[in-house]
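Open the model in your viewer and keep the selection tool ready. Each stop below says what to select and what is there.

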Amino acid sequence: MSTKTTAAETKTVAEGETLLSVEGLGKHFPVTAGLLRRQVGAVKAVDGVSFSVRKGETLGLVGESGCGKTTTGRMIMRLLEPSFGKIVFEGHDITHMSQRQLRPLRRDLQMIFQDPYSSLNPRQTVGAIIGAAFRLQKIETEHGVKRAVQELLELVGLNPEHYNRYPHEFSGGQRQRIGIARTLALRPKLIVADEPVSALDVSVQAQVVNLLEDLQDELDLTYIVIAHDLSVVRHISDRVAVMYLGKIVELADRDDLYERPMHPYTNALLSAVPIPDPSKREGRERIRLTGDVPSPLDPPPACRFHTRCWKAQDICKQTEPPLVELSPGHLTACHFPENTTVSATDEVAKAAVGGSGAVTPVEGDPKLDADDD
Ligand SMILES: Nc1ncnc2c1ncn2[C@@H]1O[C@H](COP(=O)(O)OP(=O)(O)O)[C@@H](O)[C@H]1O
Ligand code: SF4
Ligand SMILES: [Mg+2]
């Protein structure tokens with residue numbers, strides 16, 4: 001296991017150089033109707049997200065299903081054309097690069113998928129699947145492809161003797177290891193792991209997460225790890241971004257986010273994460289979010305969370321709260337953030353209404369069930 005918890009290490013990562021930066025990135029999928037396929041609307045899957053990832057860092061990207069995580073990942077991989085915004089990788093603007101221009105970068109940017117089985121060809125042996133990655137990219141191997149594949153199998157904790165087996169002969173966790181080995185064959189610089197353990201039994205989830213962490217230390221990898229559950233990314237992430245309906249609502253260092261969440265939505269997500277230590281469970285409120293996530297076809301105006309937020313006031317329905325830095329490195333988009341001082345709240349209000357007044361946070365919870373856990 002890596003030792004992400006030490007302050008010194010966090011600092012090294014924090015000071016590292018930026019590998020990827022995303023500015024105001026968005027994807028609107030047009031919705032058409034009629035014979036002429038006239039555009040009648042758009043699914044605002046991702047609606048202006050900004051963040052950066054430093055070399056060697058892991059950024060967790062979390063939010064309920066449908067909030068735009070996969071779309072964000074696929075745009076970064078350039079598997080989807082962004083509608084607006086900018087993606088800069090290693091100093092190059094890759095937002096609208098052609099497939100030909102992207103070719104030399106393809107190896108550097110790799111994605112690990114949720115369902116390892118569907119991404120592995122059932123008719124090919126593991127050796128052929130992983131070997132193809134070396135051959136496709138014309139990667140030089142010192143002692144031949146077979147030896148390189150066997151080394152990789154060993155690296156991801158599989159038996160190198162199983163080189164000639166087929167995907168169905170492995171368990172779900174082992175197949176995800178095969179998927180990871182195939183990705184690693186390309187020696188990528190940035191890996192977007194989209195729900196890498198969601199399809200796996202809880203008992204093997206931690207093993208695969210630990211494997212990703214160990215490989216990161218060994219191979220100097222940078223990750224964006226996507227999950228719908230805050231517990232999955234907790235141990236692996238240096239920083240975590242929380243998405244809601246196509247927007248980032250909170251972005252902070254891992255410990256800061258889990259210990260002092262500021263956005264009500266993050267609080268709600270966190271309250272659903274089980275706490276293994278019974279002594280720490282006491283006094284924690286469970287927040288049950290009511291209602292479904294609204295449709296990205298017609299997201300609520302201003303703060304998109306206002307239809308489900310127990311702190312919502314009129315201003316939340318009228319003025320979109322900007323994502324502002326309320327403490328060093330901790331960004332939140334909320335008019336009434338929690339775990340912060342009133343003066344910080346004023347900062348948000350001022351930024352949101354152009355400096356013309358402060359808003360007092362109001363407690364109270366008419367919309368939610370709250371019970372002691
Ligand atoms: N190709 C597409 N065409 C239209 N809508 C899409 C397409 N891909 C995704 N969406 C919609 O965009 C929203 C975000 O999807 P997605 O990025 O997959 O979310 P997540 O990964 O967070 O579950 C969803 O409402 C989804 O239905
Ligand atoms: S801005 Fe208002 S509605 Fe939105 S999360 Fe904050 S308190 Fe809730
Ligand atoms: Mg997804």
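## Starting after H4

Select Lys138: just after helix H4, this residue takes a positive phi of about 50°. Helices (H or I, at least four residues) and strands (E, at least two) are DSSP runs, numbered from the N terminus.

This is a predicted model, in which local features need pLDDT of at least 70, side-chain atom pairs count only at pLDDT 80 or more, and totals for chains, interfaces and linings use all residues. Residues are numbered from 1 along each chain as its sequence is written, and chains are lettered from A and ligands numbered from 1 in the order in which they are written.

## The whole chain

Show the full chain, which has 13 helices and 14 strands. Of its 373 residues, 39% are buried. A residue is buried if 20 or more other C-beta atoms lie within 10 Å of its own, exposed if 12 or fewer, and partly exposed in between, with C-beta atoms placed from the backbone. Two residues are in contact if their C-beta atoms, placed from the backbone, lie within 7 Å. Among contacts between residues at least 6 apart in sequence, 64% join residues at least 24 apart.

## H4 and H6

Select H4, residues 126–136. Which of its residues are buried? They are Val126, Ile129, Ile130, Gly131, Ala133 and Phe134. Helix H5 (145–155) and H6 are included in what covers them.

Now add H6, residues 172–184. The axes of H4 and H6 come within 7 Å and cross at roughly 30°. Axes are lines fitted to C-alpha atoms, for helices over the stretch in contact, and angles run from 0 to 180 degrees between N-to-C directions. The crossing angle therefore makes H4 roughly parallel to H6; angles under 35 degrees count as roughly parallel, over 145 as roughly antiparallel, 65 to 115 as roughly perpendicular and the rest as oblique. On the H4 side the contact is made by Val126, Ile129, Ile130 and Ala133, and on the H6 side by Ile178, Ala181 and Arg182. These divide into six nonpolar, no polar and one charged. Ala, Val, Leu, Ile, Met, Phe, Trp, Tyr, Cys and Pro count as nonpolar, Asp, Glu, Lys and Arg as charged, and the others, Gly among them, as polar.

## H6 and H7

Keep H6 and add H7, residues 202–219. Their axes come within 10 Å and cross at roughly 20°, which means that H6 is roughly parallel to H7. H6 contributes Gly172, Gly173, Gln176, Arg177, Ile180 and Leu184 to the contact, and H7 contributes Val204, Gln207, Val208, Leu211, Leu215 and Leu219. By class there are seven nonpolar, four polar and one charged residues.

## Val49

Go to Val49, in strand S2. Is Val49 buried or exposed? Val49 is buried, because 24 other C-beta atoms lie within 10 Å. Leaving out residues up to four places away in sequence, Val49 touches Val22, Leu25, Thr72, Lys247 and Ile248. Select Gly24 as well: its C-alpha atom is 4.8 Å from that of Val49, though the two are 25 residues apart along the chain.

## The two ligands

Select ligand 1 and the residues near it (C-beta atom, placed from the backbone, within 6 Å). Strand S2 (38–54) and helix H2 (69–76) each supply at least two residues of this shell, and H2 gives the most, with three. The shell has five nonpolar, six polar and one charged residues.

Finish at ligand 2, where Cys303, Cys309, Ala312, Cys316 and Cys334 come nearest of the 13 residues around it. By class, that shell has nine nonpolar, three polar and one charged residues.
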